[in-house]
Amino acid sequence: MIRLLFLAFLSFVAVAPALAQRPVVVGQTFLAESLDPAQGNAGWALQSHGLAETLFTVDREGRIVPNLARNVVRDGEAWRIELRDDVRFGDGSPLDASALRDAFLRSTAESARARAQTGRIEVEILGPHAVRLRTEQKLAAVESVLAEFPLVVYRVDGERFHFTGPYRAVEYRRGEMLRLEPNPHYRVPAVRPPVVVRRVADTQTLALGLESGEIDIAFNLAVETLPRLARRAGLTVKSTPVAYQYMAFLNMARAPFDDVRVRRAVDLAVDRAQLVEAVRGGEVATGMYPRFFPFASPDRRPTDPAEAARLLDAAGWIAGANGQRFKDGRPLEFVLTAYPQRPDFVTLAPVLRAQLERIGFRVRLETSEAITPQLQAKRFDMAFWAMHAAPGGDGAYVLEQYLRSQGPTNFAGLADPQIDAALDRLRTTDAPVARIAALRATEALVFAQAPVVYLMTPVWHVGLSARVADYVPYPSDYYIVRADLRARD
């Protein structure tokens with residue numbers, strides 16, 4: 001955790017002319033849990049906040065493009081990475097081979113997520129802006145791995161973290177707010193406004209803040225607030241399909257989801273078209289990936305309540321006179337957990353409950369403010385989850401993280417040798433057509449085990465004040481505060 005001394009220091013060194021301008025206030029349901037990118041999901045949030053960057057990135061069309069790196073080429077069993085020579089951290093120090101080595105070694109030592117696809121690494125300095133990267137695990141899609149948030153680039157100075165993005169931190173209050181100023185050393189000069197990112201957990205409060213003028217960018221508005229906002233002069237709402245997928249993990253270590261027949265029954269009972277209708281936008285899931293990715297499964301996940309009921313019968317869960325199912329005197333029941341950081345889940349929860357109760361489940365709803373620790377500790381039955389399906393532009397990342405037996409976010413507790421072997425093969429499959437086929441084959445193995453129920457590809461809604469009416473949302477929340485941010489004052 002960043003000490004209060006660091007916060008005071010940041011406030012003291014703030015550049016007065018920049019902070020004298022009126023900041024653009026971004027209201028959103030999440031905030032970086034730490035300024036240390038090796039902690040949990042912090043690297044993703046710091047990237048979203050305009051602080052951290054990766055060697056490669058994904059553009060609006062989902063293409064992997066160089067960012068801090070000029071290129072990466074195979075060098076025997078290793079990879080040679082050439083860095084740009086015009087990149088500086090927020091404190092003015094240059095990004096060179098030594099800084100990159102230190103960041104990668106620290107992250108892979110401290111973060112299981114950073115090691116998920118590389119294993120242990122070695123970084124050999126070849127020149128001022130060139131390194132040779134050796135990874136314990138083979139990599140076929142190296143550019144994708146280098147575009148993923150666990151490997152953001154940073155510099156540590158005592159307890160201070162410096163990044164290369166278009167903004168740098170001025171003040172940080174964990175769970176509340178982050179104050180940013182333009183990074184004067186950013187490689188693309190421009191006049192950028194100061195920014196305040198505020199965590200607003202309640203979506204009604206988020207909409208009210210936009211209406212009152214306290215918030216300029218309201219990210220991921222709840223669908224029920226949209227008609228009201230559309231009537232307000234001076235406000236704009238932009239809706240965009242995103243590269244995220246909504247899903248629900250099933251805890252395979254707990255009854256009733258320790259039985260694959262029950263898990264498959266849940267998957268078949270879900271009417272995904274009804275879920276899309278409930279949030280007034282999006283698309284029925286075909287699997288882990290939105291359909292616009294070339295490696296996505298082509299067919300929608302099926303809905304078949306009759307087959308779901310047959311599976312429950314076969315598993316010994318027998319329906320009584322009122323439709324509620326029992327086995328050995330125990331009711332078929334579980335808790336469905338949503339979290340307010342994704343407001344759509346609060347809307348979807350009662351709809352999903354009704355669908356499952358029709359085939360004999362008894363479902364209780366709960367909301368968790370700290371969903372990730374709860375999932376990591378396996379303190380759940382069935383829990384919603386939203387994630388970018390290919391943050392580095394390739395489909396292997398989420399499979400390695402969430403569905404490999406020893407994956408760092410294997411919330412369901414899946415341990416399947418066939419899936420692990422398929423993921424091993426993916427690490428050495430680099431031909432595009434063969435890789436698409438391998439990803440789809442791996443996903444078919446996941447469907448058979450049903451550790452996760454894929455729900456829908458969402459549409460997200462971003463509210464804008466007149467000051468930032470030209471803002472164009474990315475199809476994800478990885479890039480909310482960006483170098484092209486401008487404000488009319």
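In this predicted model, 59% of the 489 residues of the protein count as buried. The accessible surface amounts to about 19200 Å², and carbon and sulfur atoms account for 52% of that area.

The secondary structure of the protein consists of 16 helices and 24 strands. The radius of gyration is 23 Å, close to the 23 Å given by the globule rule for 489 residues, so the protein is as compact as a globular protein of that length. Along the principal axes, the C-alpha atoms fill a box of roughly 70 × 60 × 40 Å. Among contacts between residues at least 6 apart in sequence, 69% join residues at least 24 apart.

In soluble globular proteins, nonpolar side chains tend to be buried together. The largest nonpolar core of the protein contains 114 residues. Those with the most contacts inside this core are Tyr 289, Phe 361, Met 382, Phe 384 and Trp 385. The surroundings of Met 382 were examined further. When neighbours within four places in sequence are left aside, the residues in contact with Met 382 include Ala 248, Phe 249 and Leu 250, as well as Phe 334, Val 335, Leu 336 and Thr 337. Leu 352, Leu 356 and Val 453 are also among the contacts of Met 382. A second core, separate from the largest one, has 27 residues, among them Leu 68, Val 72, Phe 104 and Leu 146.

The charges were considered last. The protein carries 60 positive and 57 negative charges, and the mean positions of these two sets are 2 Å apart.

Notes. Residues numbered from 1 in each chain as written. Predicted model: local features only at pLDDT ≥ 70, side-chain atom pairs only at ≥ 80, totals over all residues. Heavy atoms only, no water. Helix = DSSP H or I, 4+ residues; strand = E, 2+ residues; numbered from the N terminus. Rg over C-alpha atoms; globule rule 2.2 N^0.38 Å. Buried < 20%, exposed > 50% of the residue type's maximum accessible area, 1.4 Å probe, protein only. Contact = heavy atoms within 4.5 Å. Areas by Shrake-Rupley, 256 points an atom, 1.4 Å probe, with all protein chains shown as cover. Lys, Arg positive; Asp, Glu negative; His and termini not counted. Charge placed at Lys NZ, Arg CZ, Asp CG, Glu CD. Core = buried A, V, L, I, M, F, W, Y, C linked by side-chain atoms within 4.5 Å.
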